[in-house]
Amino acid sequence: MQEITLGQGLDNLTFGITREEVLNIMGEPNEKEKIDGDKESGGMEAWHYDEQNISLSFEEDADWRLLSITSASAEILFEGIDLIGLSQGEVMEQMEVFDLGDFELEDLSEDGLEGQTVAANPDCSLNLFFDNDILAEIQWGPFWDDDNEDVIWPEVN
């Protein structure tokens, strides 16, 4: 079992580490997906690890450092609880218990993702993706300094 740490990462996958450091920890991903960005934000890469059921994202404007983790694995716990597969109501009830603040709920059907919603909490860089009212994925990243629009990189151990 692995534990999500908001603002930090997942075990030794600490936000801010380089792609080379991720390769040393995880090995080669099953798939590398390159996404071209605009001139302002640059490009992005998403590395998918099928066996662990996680995806890691790196962005050019963050010097290609680890910027987000997405997981659909029941092996990855949030505050000691496996949230994957729980209903939206159950998950949001847990978020209240954890006192994480307000979540913005967005219906993704307009984007062609029928039956999908996301509960986003920008204060703790956490997105919860629901498929037909069941939690399918958790995505988290480092904390942000909203005033300066900068990433707050955690200390790498």
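**Two buried serines and a pocket**

Serine 125 has a relative accessibility of 14%, so this residue counts as buried; the cut-off is under 20%. The model is a predicted one. Serine 125 sits in a loop, between strand 10 (116-121) and strand 11. Its side chain reaches the backbone oxygen of proline 142 at 2.7 Å. Beyond its neighbours within four places in sequence, serine 125 touches Gln139, Trp140, Gly141, Pro142, Phe143 and Trp144. Valine 97 is 28 residues away along the chain, and its C-alpha atom lies 18 Å from that of serine 125.

Now turn to the largest pocket. It holds about 290 Å³ of space. Its lining is made up of 15 residues. Nearest the centre are Leu67, Ser68, Gln139, Gly141 and Trp144. Four strands each give two or more residues to this lining: strand 6 (54-59), strand 7 (65-71), strand 11 (126-131) and strand 12 (134-140). By type, the lining residues comprise seven nonpolar, seven polar and one charged. Gln139, Gly141 and Trp144 also appear among the contacts of serine 125.

The second serine is in strand 6: serine 55. Serine 55 counts as buried because its relative accessibility is 17%, and the limit is under 20%. Its side chain makes a polar contact of 2.6 Å with the side chain of histidine 48. With neighbours within four places in sequence set aside, serine 55 is in contact with Trp47, His48, Ser68, Ile69 and Thr70. One of these, Ser68, is among the residues nearest the centre of the largest pocket.

Conventions
Residues are numbered from 1 along each chain as its sequence is written. This is a predicted model: local features need pLDDT of at least 70, side-chain atom pairs count only at pLDDT 80 or more; totals for chains, interfaces and linings use all residues. Side-chain values use heavy atoms; hydrogens and water are left out. On a 1 Å grid over the protein atoms alone, a cavity is a set of points where a 1.4 Å probe fits but cannot get out, and a pocket is an open set with protein on both sides within 12 Å along at least five of seven lines; lining residues have an atom within 4 Å of a point. Grid points are joined across faces, edges and corners, and a volume is the space filled by probe spheres set on the points. Ala, Val, Leu, Ile, Met, Phe, Trp, Tyr, Cys and Pro count as nonpolar, Asp, Glu, Lys and Arg as charged, and the others, Gly among them, as polar. Buried means under 20% relative accessible area, exposed over 50%, partly exposed in between (1.4 Å probe, protein chains only). A polar contact is a pair of N or O atoms within 3.5 Å; within protein, one must be able to donate a hydrogen and the other to accept it, and residues adjacent in sequence count only if both atoms are side-chain atoms. Contact means heavy atoms within 4.5 Å.
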